[in-house]
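Got your viewer open? Let's take a walk through this model together, one selection at a time.

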Amino acid sequence: GCWTSFALEPSPRALAAYREALRLRETFSAWSNSGLVWWLKAQRSSSIGLDPGPELTEASRCYAEAARLNPNHGHVHSNRGLVLLARAAADETAGRDPTSALTAAVAALEAALRLDPGLAEAHNNLGNAHKALAAALAERGGDPGPSLDRAEAEYRLAIAANPELAFTYSNLADCELERARARLARGFDPRPELARTRATLA
């Protein structure tokens, strides 16, 4: 259920083996492990400057199939949410609208947290999804405030679940910076948010 071996280059034989296993009999583990192989392939593509979007789509599909077979497995929903976050980032880099992938990521991560509210990394990733939705809203001239509020709440839940997640503190500080930028863009004083950013990083 946890991400492992990010740096490994996936073997084509592994994916072929999982495909054959799924042809013979669908299992949760075969779908879930296929998702991991596609995730690793996406990481490889990204590292050499290729668009990982198609591989992330396949990874998301595999995790969705795994969740269909075992809908009560929180980690598989969490893993699919992370894949969808990466898909949203790839869409943005390629000039595509990331909103659909972000909305799907929120749904997957919320499903994971309904099953296991103590998944600290799922809370962190849900915060990232809401922060990215806030940025997309701000770009279109909308109010990012409510999405930033939800992002902050998720980061704080992640810290409560695991105070050792150093990157979550950084994400929380980024959230306050985004709030300060939004206030400044609307002609308000950003200093309260900047003070909270300093307090988070202290």
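Here is a tour that begins with the whole chain and then moves from helix to helix. Keep in mind that what you are looking at is a predicted model.

**Stop 1: the whole chain**

Switch to a cartoon view and colour by secondary structure. You'll find 9 helices and 0 strands, so the list of elements from the N terminus on reads α-α-α-α-α-α-α-α-α. Now colour by burial: of the 202 residues in the chain, 44% are buried. If you show contacts between residues at least 6 apart in sequence, 57% of them join residues at least 24 apart.

**Stop 2: helix H2**

Select residues 28-47, which is H2. How far apart are the end C-alpha atoms of H2? They sit 29 Å apart, in agreement with the 28 Å that 20 residues should span at 1.5 Å a residue.

Next, show side chains on the buried residues of H2, among them Trp31, Trp38 and Trp39, along with Ser32, Gly35 and Leu40. Which helices do the buried residues of H2 pack against? Turn on H1 (12-24), H3 and H4 to see those partners. Before you leave, click on glycine 49, just after H2: its phi is positive, at about 85 degrees.

**Stop 3: a side trip to leucine 69**

Select leucine 69, in helix H3 (residues 53-69). Is leucine 69 buried or exposed? The answer is in between: its relative accessible area is 34%, so leucine 69 counts as partly exposed.

Now show what surrounds it. Setting aside neighbours within four places in sequence, leucine 69 is in contact with Glu26, Thr27, Phe28 and Trp31. Draw a distance from leucine 69 to glutamate 26 and you get 8.6 Å between C-alpha atoms, although the two are 43 residues apart along the chain.

**Stop 4: where H2 meets H4**

Two packed helices are described by the angle between their axes and the distance between the axes. Keep H2 on screen and add H4, residues 74-93. The two axes come within 11 Å and cross at roughly 25 degrees. H2 and H4 are therefore roughly parallel to each other, and the crossing is left-handed.

To see the contact itself, pick Phe28, Ser32 and Trp39 on H2, then Val76, Leu82, Val83 and Ala86 on H4. This contact has 6 nonpolar residues, 1 polar one and no charged ones.

**Stop 5: H4 by itself**

Hide H2 for a moment. H4 has 20 residues and reaches 29 Å from first C-alpha to last, close to the expected 28 Å. How many of the residues of H4 are buried? The count is 14 of 20, so H4 is mostly covered. Following H4 there is glycine 95, with a positive phi near 85 degrees.

**Stop 6: where H4 meets H6**

Bring in helix H6, residues 120-139. H4 and H6 pack at an angle of about 25 degrees, with axes 10 Å apart. That makes H4 roughly parallel to H6, and H4 passes H6 in a left-handed crossing.

From H4, select Ser78, Leu82, Leu85 and Glu92; from H6, select Ala122, Asn125, Asn128, Ala129 and Glu139. Here the residues divide into 4 nonpolar, 3 polar and 2 charged. You have met Leu82 before, in the contact of H4 with H2.

**Stop 7: where H5 meets H6**

Add helix H5, residues 99-115. The angle between H5 and H6 is about 155 degrees and their axes are 9 Å apart. H5 and H6 are therefore roughly antiparallel to each other, with a left-handed crossing.

On the H5 side, look for residues including Leu102, Val106, Leu109 and Leu113; on the H6 side, they include His123, Leu126, His130 and Leu133. The contact divides into 9 nonpolar, 4 polar and 1 charged.

**Stop 8: two buried residues further along**

Jump to serine 147, in helix H7 (residues 145-161). Its relative accessibility is 13%, so serine 147 counts as buried. Beyond residues up to four places away in sequence, serine 147 touches His130, Leu133, Ala134 and Leu137.

Finish at glutamate 176, in helix H8 (residues 166-185). What is the relative accessibility of glutamate 176? It is 0%, so glutamate 176 counts as buried. Draw one last distance to alanine 151: the C-alpha atoms of glutamate 176 and alanine 151 are 9.9 Å apart, with their positions 25 residues apart in sequence.

How values were computed:
Residues are numbered from 1 along each chain as its sequence is written. This is a predicted model: local features need pLDDT of at least 70, side-chain atom pairs count only at pLDDT 80 or more; totals for chains, interfaces and linings use all residues. Side-chain values use heavy atoms; hydrogens and water are left out. Axes are lines fitted to C-alpha atoms, for helices over the stretch in contact, and angles run from 0 to 180 degrees between N-to-C directions. Helices (H or I, at least four residues) and strands (E, at least two) are DSSP runs, numbered from the N terminus. Angles under 35 degrees count as roughly parallel, over 145 as roughly antiparallel, 65 to 115 as roughly perpendicular and the rest as oblique. A crossing is left-handed if the near helix is turned anticlockwise from the far one by less than a right angle, and right-handed if clockwise. Contact means heavy atoms within 4.5 Å. Ala, Val, Leu, Ile, Met, Phe, Trp, Tyr, Cys and Pro count as nonpolar, Asp, Glu, Lys and Arg as charged, and the others, Gly among them, as polar. Buried means under 20% relative accessible area, exposed over 50%, partly exposed in between (1.4 Å probe, protein chains only). The expected span of a helix is 1.5 Å times one less than its number of residues.
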